[in-house]
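Colleague: I should like to learn how to read the features of a structural model, step by step. Could we begin with how exposure is judged, and then turn to the chain as a whole?

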Amino acid sequence: MMQSNANLNIGWNFNNSYARLPQLFYTKIKPEPVPSPNLVVLNQSLAESLGLNPDALKLEEGIDILAGNRIPDGSAPIAQAYAGHQFGYFTMLGDGRAVMLGEHVTPSGDRFDIQFKGSGKTPYSRGGDGRAVLGPMLREYIISEAMHDIGIPTSRSLAVVTTGESIMRETSRTGAILTRVATSHLRVGTFEYVSKWGTDGDLCILADYAIQRHFPHIENNENKYIALLKEVIKRQASLIAKWQLVGFIHGVMNTDNMTISGETIDYGPCAFMDIYSPETVFSSIDTYGRYAYGNQPYIAAWNLSRFAETLLPLIHENQDEAVSMAQNEVTGFSDIFKENWLTGMRNKLGINNEEPEDEVLIESLLSLMEKYKADFTNTFRILTLNLDSKEVMLNNDEFKSWHKKWLERLERNQASEINCHQLMKRNNPAIIPRNHRVEEALKMAEEQGNYYTMDKLLEVLENPYAYSQEQKEYTTLPEPTNQPYVTFCGT
Ligand code: AMP
Ligand code: MG
């Protein structure tokens with residue numbers, strides 16, 4: 001039964017600014033109660049950093065909240081409206097199976113959206129059942145937390161509960177709800193929605209809200225809307241560079257899955273690449289490779305053009321002038337991305353000063369990795385540790401000649417050898433959530449209700465740069481198979 005006004009000692013401190021925006025932007029709706037909630041994973045350290053009491057969240061009342069069966073004081077649940085370009089085509093979307101409980105303000109004053117994924121139907125559900133199943137919710141939990149620990153801006157995962165319901169997909173699956181935490185859920189798609197169905201006044205309210213929430217330092221800029229575009233471009237360029245530097249493939253970079261905050265969001269068919277190839281695609285629905293690893297920076301720029309278009313009426317009263325100003329910013333994305341990427345690659349190779357030829361050195365390593373089908377993460381781990389390895393590439397003359405050039409380049413560094421080695425260690429995660437290890441953990445959890453493998457994986461992923469002995473087993477590749485690894489949209 002739905003209960004409200006729970007007066008629990010969890011530490012919630014809701015202040016729901018989004019729910020004070022125009023009605024057009026959202027629908028008030030409560031999560032649908034579930035029959036039999038059971039907590040399967042709680043993020044103790046995240047709870048603590050939010051000022052929440054993890055012990056209270058583990059009690060029956062706490063679990064009832066994480067299942068949507070009990071609404072805490074101060075929460076004003078809503079489903080957000082948004083649109084988006086999916087695989088290039090404009091569509092009306094919105095939270096079809098998500099409900100935002102509200103914005104929790106931490107003791108240090110930081111504001112976070114607390115959102116359920118899989119908590120029932122909303123007016124934006126279209127044909128869907130509003131529900132989610134256990135495997136994909138645990139997958140989002142594992143990968144988002146791994147991303148955070150690698151040092152990549154992302155939404156976080158506070159908890160997963162099973163609901164006691166069976167959910168029909170291709171087979172009957174265990175129902176689950178993920179509690180997601182993000183600095184906001186403002187998306188490029190939120191702007192597309194308001195730009196299409198709202199007035200210029202609504203758009204102005206949304207843009208001002210985004211500025212206030214994420215970029216308060218530009219509030220007094222002469223043209224704060226072009227400054228907003230600039231900031232989002234900067235954040236996204238930095239984010240996508242970080243993805244590229246660890247071989248992360250989002251899988252479904254639709255504009256509704258691109259945040260204004262610059263956090264990674266919506267872990268559906270995402271995966272980390274093992275063997276380096278720019279063409280790598282895992283998603284079952286990405287038939288043409290639109291969202292392939294090597295395409296991610298181009299797609300980000302394309303998405304940012306859609307964002308820029310929504311801002312045109314705010315940027316300048318003269319349309320032509322607005323277009324030219326916006327275009328100028330979007331064109332700048334590739335340079336900003338490149339700068340971030342080059343700095344990151346230099347760091348990965350332990351290079352601490354800049355030389356114009358560095359890019360050639362980096363590109364030639366990547367070409368060799370592609371040619372000899374080298375594992376992305378392990379190549380940098382091996383270079384960092386100066387390991388002997390049986391990897392085909394490493395025993396090849398072409399690589400040996402590259403290696404010699406690299407060592408010569410390191411001699412021109414402006415820092416000690418130890419410092420450069422530390423630089424590599426800080427920039428090359430020794431482990432990533434490898435697909436076969438994630439799948440193994442999910443299988444145990446879903447099929448046997450056994451969380452041991454997942455908990456161990458989560459623990460080891462907490463310190464990706466530890467270079468510890470216990471991580472070694474997580475660096476091994478899957479057994480070779482003829483079947484490519486395929487991921488599915490989080491269902
Ligand atoms: P996503 O792939 O998670 O970005 O979702 C794309 C759109 O489909 C969003 O509007 C979701 O809310 C909606 N959606 C996905 N799965 C469901 C579901 N089971 N029921 C209702 N809506 C869904
Ligand atoms: Mg989405």
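Modeller: Let us start with the cut-offs: a residue is buried under 20% relative accessible area, exposed over 50%, and partly exposed in between. Please keep in mind that this is a predicted model. Phe87 has a relative accessibility of 25%, so it counts as partly exposed.

Colleague: Where does Phe87 lie, and what is notable about its phi?

Modeller: Phe87 sits in the loop that links β6 (83–86) to β7 (89–92). Its phi is positive, about 50 degrees, although Phe87 is not a glycine.

Colleague: Which other residue that is not a glycine has a positive phi near 50 degrees?

Modeller: Tyr467 does, with phi near 50 degrees. Tyr467 is placed in the segment after α16 (452–461).

Colleague: Is Tyr467 buried or exposed?

Modeller: The cut-off for buried is under 20%. Tyr467 has 15% relative accessibility, and therefore counts as buried.

Colleague: Let us turn to the whole chain. How many helices and strands does the protein chain have?

Modeller: There are 16 helices and 14 strands in the protein chain. To judge compactness, one sets the radius of gyration against the globule rule, which is 2.2 Å times the number of residues to the power 0.38. Here the radius of gyration is 23 Å, close to the 23 Å that the rule gives for 491 residues, so the protein chain is as compact as a globular protein of that length. Along the principal axes, the C-alpha atoms fill a box of roughly 70 × 60 × 45 Å.

Colleague: What share of the residues is buried, and what share of the contacts joins residues 24 or more positions apart?

Modeller: Of the 491 residues in the protein chain, 57% are buried. Among contacts with a separation of 6 or more, 71% are between residues 24 or more positions apart.

Colleague: What can be said of the surface and the charges?

Modeller: The accessible surface of the protein chain is about 21,100 Å², and carbon and sulfur atoms hold 48% of that area. For charge, one counts the side chains of each sign and compares the centres of the two sets. The protein chain carries 45 positive and 62 negative side chains, with the two centres 2 Å apart.

Colleague: Which domains does the assignment give, and how far apart are their centres?

Modeller: The domain assignment gives domain 1 (18–182) and domain 2 (342–427). Over C-alpha atoms, the centres of domain 1 and domain 2 are separated by 41 Å.

Colleague: I should now like to compare separation along the chain with separation in space. What does Thr154 show?

Modeller: Thr154 and Gly350 are 196 residues apart along the chain, and their C-alpha atoms are separated by 26 Å. Thr154 belongs to the loop between α4 (134–150) and β11 (156–168). At 6% relative accessibility, Thr154 counts as buried. Leaving out residues up to four places away in sequence, Thr154 touches Ser144, Met147, His148, Glu263, Thr264 and Tyr267.

Colleague: How does Arg126 read, and is it buried or exposed?

Modeller: Arg126 is exposed, its relative accessible area being 59%. This residue is found in the loop between β9 (111–117) and β10 (132–133). Beyond four places in sequence, Arg126 touches Thr91, Met92 and Leu93. The C-alpha atoms of Arg126 and Leu93 are 8.4 Å apart, with their positions 33 residues apart along the chain.

Colleague: And what of Gly94?

Modeller: Gly94 lies in the loop between β7 and β8 (98–105). With a relative accessible area of 9%, Gly94 is buried. Its contacts, apart from neighbours within four places in sequence, are with Gln80, Ala81, Tyr82 and Tyr124. Gly94 and Ser238 are 144 residues apart in sequence, and 27 Å apart from C-alpha to C-alpha.

Colleague: As a last case, which residues does Asn223 touch?

Modeller: Not counting residues up to four places away in sequence, Asn223 touches Ile315 and Met325. The C-alpha atoms of Asn223 and Ile315 are separated by 7.0 Å, while the two residues are 92 residues apart along the chain. Asn223 is in the loop between α6 (200–214) and α7 (224–246).

Key
Residues are numbered from 1 along each chain as its sequence is written. Chains are lettered from A and ligands numbered from 1 in the order in which they are written. This is a predicted model: local features need pLDDT of at least 70, side-chain atom pairs count only at pLDDT 80 or more; totals for chains, interfaces and linings use all residues. Side-chain values use heavy atoms; hydrogens and water are left out. Helices (H or I, at least four residues) and strands (E, at least two) are DSSP runs, numbered from the N terminus. Buried means under 20% relative accessible area, exposed over 50%, partly exposed in between (1.4 Å probe, protein chains only). Contact means heavy atoms within 4.5 Å. Accessible areas come from the Shrake-Rupley method with a 1.4 Å probe; for residues, only the protein chains shown count as cover. Lys and Arg count as positive and Asp and Glu as negative; His and the chain ends are not counted. The place of a charge is taken as NZ of Lys, CZ of Arg, CG of Asp or CD of Glu. Domain bounds come from an automatic or database domain assignment.
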